[in-house]
Amino acid sequence: MGNYRIAAIPADGIGPETIDAGLEVLEALSRRETDFSFVVSRFDWGSDYYRKHGSMMPADGLERLKSHDAIFFGAVGAPDIPDHITLWGLRLPICQGFDQYANVRPTRILPGVSSPLRDRGPGDLDWVIIRENSEGEYSGHGGRSHKSMPEEVATEVAVFTRAGVARIMRYAFSLAQSRPRRHLTVVTKSNAQRFGMVMWDEIAAEVAEEYPDVSWDRMLVDAMTVRMALRPESLDTIVATNLHADILSDLAGALSGSLGVAPTANIDPERRFPSMFEPIHGSAFDITGKGIANPVATFWTACQMLEHLGEVAASTRLMAALETVCAAGVLTPDVGGTATTRDVTRAVIEEIRVSNA
Ligand code: IPM
Ligand code: MG
């Protein structure tokens with residue numbers, strides 16, 4: 001229980017709309033829970049900042065974030081700035097600088113939301129994808145030479161380290177152990193990629209020995225997409241590389257009904273630095289300012305933030321409120337409804353206010 005310092009970085013597109021909604025909901029929770037309060041510092045970093053200053057955040061950005069208990073992040077990306085600049089200028093430096101090596105992506109079909117999978121509803125799909133978040137295909141190693149010449153060369157090197165793989169594997173096995181089914185699926189592509197991916201498989205088998213009560217299996221990433229679509233109930237906790245899990249989590253979001261509800265947490269499990277919580281959806285310029293952005297992903301990631309801070313009661317209360325509101329059909333257009341961001345936010349706040357205990 002406590003008073004937390006939260007750094008809000010709403011950034012681009014629908015980020016500010018959903019983060020504002022998220023902060024309102026947190027405010028409502030703090031009125032409802034004894035001993036839970038927070039103060040917000042808001043940072044105006046992102047694409048507008050870039051247009052003014054030529055960088056996505058100030059040089060001492062990480063230093064300024066350090067003293068916070070958590071980071072609440074909106075979305076980055078702008079139509080007029082290359083994506084690799086917005087990404088490598090803000091989100092990745094925070095993830096890598098704070099060694100948030102575990103990216104946690106829960107997926108469920110929420111009540112009231114329909115899955116594109118025929119005859120599947122809540123209970124048929126309940127997954128947590130653990131994405132390795134510090135190395136692999138996003139290591140930033142590589143380069144280009146002979147630019148624009150016929151002999152131009154570009155390399156994009158995936159880096160896998162024993163330390164990096166072992167720590168994400170331990171995180172994934174522990175998380176699987178904490179869930180009722182105690183099952184982990186380890187995803188690689190070790191038939192085609194003989195070095196890094198074979199090492200993943202070996203380290204998975206080694207770490208599995210430390211968790212005799214967790215059952216586990218292995219999947220190649222291509223076959224995994226088929227299993228997710230055809231046998232969603234056979235999966236529970238999933239661990240994969242940075243890029244594989246990026247792709248699988250979009251598929252997971254789509255199968256659960258909408259990317260608009262999918263949350264993510266960038267966690268430093270050792271708690272040396274603040275962890276960062278964000279909706280998976282991007283800046284969504286097509287609907288920015290229209291007031292119809294789905295705030296559910298941001299509310300759900302607020303649940304992850306509360307859980308990480310140890311505010312389990314508040315987290316459970318928010319998740320329950322969210323599910324009640326979805327089940328009642330207060331849904332934005334991306335999930336088949338006609339409600340606005342405001343409507344959903346108000347309904348969740350009201351649900352928090354009237355909830356028991
Ligand atoms: C995600 C996103 C990002 C990623 C994009 C915005 C670069 O797709 O969080 O899944 O690939 O990491
Ligand atoms: Mg993605």
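How far is an oxygen atom of ligand 1 from an N or O atom in the side chain of Arg-131? I looked this up first and found 2.8 Å, which falls under the term polar contact (a pair of N or O atoms within 3.5 Å; within protein, one must be able to donate a hydrogen and the other to accept it, and residues adjacent in sequence count only if both atoms are side-chain atoms).

I note that this is a predicted model, in which local features need pLDDT of at least 70 and side-chain atom pairs count only at pLDDT 80 or more, while totals for chains, interfaces and linings use all residues. Residues are numbered from 1 along each chain as its sequence is written, chains are lettered from A and ligands numbered from 1 in the order in which they are written, and side-chain values use heavy atoms, with hydrogens and water left out.

**Entry on ligand 1**

I listed the residues that surround ligand 1 (those with a heavy atom within 4 Å of it) and found Leu-87, Arg-91, Arg-105, Arg-131, Tyr-138 and Asp-246. By class, I noted two nonpolar, no polar and four charged residues in this shell, where Ala, Val, Leu, Ile, Met, Phe, Trp, Tyr, Cys and Pro count as nonpolar, Asp, Glu, Lys and Arg as charged, and the others, Gly among them, as polar.

I then looked up Arg-105, which has a polar side-chain atom 2.7 Å from an oxygen atom of ligand 1, and Asp-246, which has a polar side-chain atom 2.8 Å from an oxygen atom of ligand 1. Taken alone, ligand 1 exposes 320 Å², and the protein buries 70% of that (accessible areas come from the Shrake-Rupley method with a 1.4 Å probe; for residues, only the protein chains shown count as cover).

**Entry on two positive phi values**

Most residues other than glycine have a negative phi. I therefore wrote down Asp-99, which is not a glycine and has a positive phi of about 45 degrees. Asp-99 lies in the loop between helix H4 (83-97) and strand S4 (102-108), where helices (H or I, at least four residues) and strands (E, at least two) are DSSP runs, numbered from the N terminus.

Is Asp-99 buried or exposed? I found a relative accessible area of 17%, so Asp-99 is buried (buried means under 20% relative accessible area, exposed over 50%, partly exposed in between, with a 1.4 Å probe and protein chains only).

Ser-148 also went into my notes, with a positive phi near 65 degrees, and I placed this residue in the loop between strand S6 (136-145) and strand S7 (153-159). With a relative accessible area of 70%, Ser-148 is exposed.

**Entry on Thr-185 and two alanines**

I found Thr-185 in strand S8, where at 0% relative accessibility it counts as buried, and I noted that a polar contact of 2.7 Å joins the side chains of Thr-185 and Asp-217.

Ala-192 is in the loop between strand S8 (183-188) and helix H6 (196-208), and at 53% relative accessibility Ala-192 counts as exposed. I looked up Ala-229 in helix H7 (residues 221-230), and at 26% relative accessibility Ala-229 counts as partly exposed.
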